[in-house]
Amino acid sequence: MAVLLILLLELALSNVYYRKMKEEQKSRSDRAQTRVLIIGYGKVGSALAGRLSRLGYKVLTVRRRSEDSRNLVSGVDVIVFSVPDREIQKQFMRLRRYIKPGTVVVHLSGAYGVELFKGAVERGVDTLALHPVKSFFSRPQAKKDLPGGYFALDGTKKGLRFGRRLVAQLKGKAVLVRSEDRPLYHAMCVFGSNFVHPLFYAVEKIGKDIGFAPQRAREIVMPLTVGVLRNIKKQGAVTTLTGPVKRGDWITVKRHLKALRERQPELVILYKQLTRFLERMK
Ligand SMILES: NC(=O)c1ccc[n+]([C@@H]2O[C@H](COP(=O)([O-])OP(=O)(O)OC[C@H]3O[C@@H](n4cnc5c(N)ncnc54)[C@H](OP(=O)(O)O)[C@@H]3O)[C@@H](O)[C@H]2O)c1
């Protein structure tokens with residue numbers, strides 16, 4: 001009896017394995033037939049090109065502004081505009097009449113939706129806005145960090161289907177952010193990322209003033225920051241607030257301001273604005 005059970009179990013497992021292998025083979029062969037043109041070979045464009053090639057897509061790239069992409073766009077299934085936000089619509093409009101119906105046009109901006117692809121849907125062209133919720137400051141770092149995490153999507157039915165599949169292949173999680181919400185959504189991302197930089201600029205600058213090299217100042221403060229982020233992640237920004245403003249220790253705040261005025265006047269305005277905001281948050 002036990003032997004029979006083991007045999008049945010093995011059979012079931014090998015069936016599952018066989019089905020999975022078949023699915024993977026099919027999806028690999030679908031990818032091999034999907035031609036993707038990436039326009040712009042900066043941080044995100046180069047990282048995406050590398051990942052897509054590894055996944056088995058047929059990838060073409062336009063690496064220089066001077067390269068003419070007009071003859072390429074009509075022969076591909078997907079076109080990714082990985083250029084600065086201000087260039088996306090310009091580049092799309094320049095190429096629009098060469099793009100064949102059924103193509104999916106993609107951009108990677110968080111602040112814009114698919115409205116940048118003006119007239120695409122009317123021409124039978126599908127659209128996708130696919131924003132990796134990540135910060136990429138160099139090509140090697142983008143190459144490493146592109147997979148995983150969240151991707152904010154909007155687009156046509158076919159565009160979204162392609163986007164969801166791609167995000168899964170990049171081991172990420174897809175979240176729908178409608179085009180009309182994207183400016184505000186992107187402002188949210190800026191609060192959680194870009195606005196951290198002035199704070200650490202201040203840490204490094206004050207650190208230097210009291211004799212710590214920038215790396216040392218970051219090392220000393222970082223565990224404090226990581227702890228705060230952990231608290232915020234678990235219980236939110238308001239509940240977990242600590243420090244002199246929360247305690248109402250205004251004499252301490254005054255001491256900070258006096259020291260900053262004397263030795264780091266550039267940082268006074270930032271300190272004052274943030275303190276005012278903390279007061280409202282309490
Ligand atoms: N970096 C991030 O953290 C991040 C995160 C999420 C989403 N995104 C989005 O990803 C997109 C690309 O950003 P990125 O950070 O990769 O920018 P990037 O590193 O500055 O790369 C942009 C690339 O586009 C090229 N380019 C500019 N105008 C062009 C044109 N007319 N034709 C062809 N190529 C042109 C640039 O060439 P040159 O080198 O000659 O200027 C550069 O290679 C943007 O929409 C951005 O919002 C970025």
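These legends walk you through close-up views of one predicted model.

**View 1. Two domains set the scene.**
The protein chain is divided into domain 1, covering 34-178, and domain 2, covering 196-281. Taken over C-alpha atoms, the centres of domain 1 and domain 2 are separated by 39 Å.

**View 2. Tyr 57 meets Phe 162 in an edge-to-face pair.**
The model has a count of five aromatic pairs. In the pair formed by Tyr 57 and Phe 162, the distance is 6.4 Å centre to centre, with 80° between the planes. This pair links distant parts of the chain, 105 residues apart. Look for Tyr 57 in the loop between helix 2 (43-55) and strand 2 (58-62), and for Phe 162 in helix 6 (residues 157-169). Tyr 57 has 6% relative accessibility and so counts as buried. Phe 162 is buried too, at a relative accessible area of 7%.

**View 3. Phe 81 and Phe 92 pair between a strand and a helix.**
Here the ring centres of Phe 81 and Phe 92 are 6.2 Å apart and the planes stand at 80°, so this pair is edge-to-face. Phe 81 belongs to strand 3 (residues 78-81) and Phe 92 to helix 4 (residues 85-95), so the contact ties together parts that are 11 residues apart in sequence. Phe 81 is buried, with 0% relative accessibility, and Phe 92 is buried with a relative accessible area of 1%. Follow the ring pairs and you will also reach Phe 117, which is linked with Phe 81 and Phe 92 into a cluster.

**View 4. Arg 63 lies over the face of Tyr 41.**
In this view a charged side chain and a ring come together: Arg 63 is placed 3.8 Å from the ring centre of Tyr 41.

**View 5. Leucines form a nonpolar patch on the surface.**
Which residues make up this patch? They are Leu 4, Leu 5, Leu 8 and Leu 11, and together they have about 410 Å² of accessible area. One of them, Leu 8, can be found in helix 1 (residues 2-32). Leu 8 has a relative accessible area of 48%, so Leu 8 is classed as partly exposed, because that class ends at 50%.

**View 6. Lys 90 and Glu 87 meet in a salt bridge on helix 4.**
The model has a count of 11 salt bridges. In this one, the side chains of Lys 90 and Glu 87 meet at 3.5 Å, N to O. Both residues lie in helix 4, three residues apart, which is about one turn of the helix. Are the two partners buried or exposed? Lys 90 counts as exposed at 51% relative accessibility, whereas Glu 87 is buried at 17%.

**View 7. Glu 219 and Arg 216 form a salt bridge on helix 9.**
The closest N and O atoms of Glu 219 and Arg 216 are 3.2 Å apart. Helix 9 (residues 214-235) holds both partners, three residues apart and about one turn of the helix. Glu 219 is partly exposed, with a relative accessible area of 44%, and Arg 216 is partly exposed as well, at 45%.

**View 8. Lys 258 and Glu 262 form a salt bridge on helix 11.**
The side chains of Lys 258 and Glu 262 meet here at 3.1 Å, N to O. Lys 258 and Glu 262 are separated by about one helical turn because they are four residues apart in helix 11 (residues 250-263). Lys 258 counts as exposed at 51% relative accessibility, and Glu 262 is exposed at 54%.

Notes:
Residues are numbered from 1 along each chain as its sequence is written. This is a predicted model: local features need pLDDT of at least 70, side-chain atom pairs count only at pLDDT 80 or more; totals for chains, interfaces and linings use all residues. Side-chain values use heavy atoms; hydrogens and water are left out. Rings of Phe, Tyr and Trp (its six-membered ring) pair if their centres lie within 6.5 Å; planes under 30 degrees apart count as stacked, over 60 as edge-to-face and the rest as tilted. Helices (H or I, at least four residues) and strands (E, at least two) are DSSP runs, numbered from the N terminus. Buried means under 20% relative accessible area, exposed over 50%, partly exposed in between (1.4 Å probe, protein chains only). A charge sits over a ring if NZ of Lys or CZ of Arg is within 6 Å of the ring centre and within 35 degrees of the ring normal. Patches are made of residues with over 30% relative accessible area and no salt bridge: like charges are joined within 9 Å, nonpolar side chains (Val, Leu, Ile, Met, Phe, Trp, Tyr) within 5 Å. Accessible areas come from the Shrake-Rupley method with a 1.4 Å probe; for residues, only the protein chains shown count as cover. A salt bridge is a side-chain nitrogen of Lys or Arg within 4 Å of a carboxyl oxygen of Asp or Glu. Domain bounds come from an automatic or database domain assignment.
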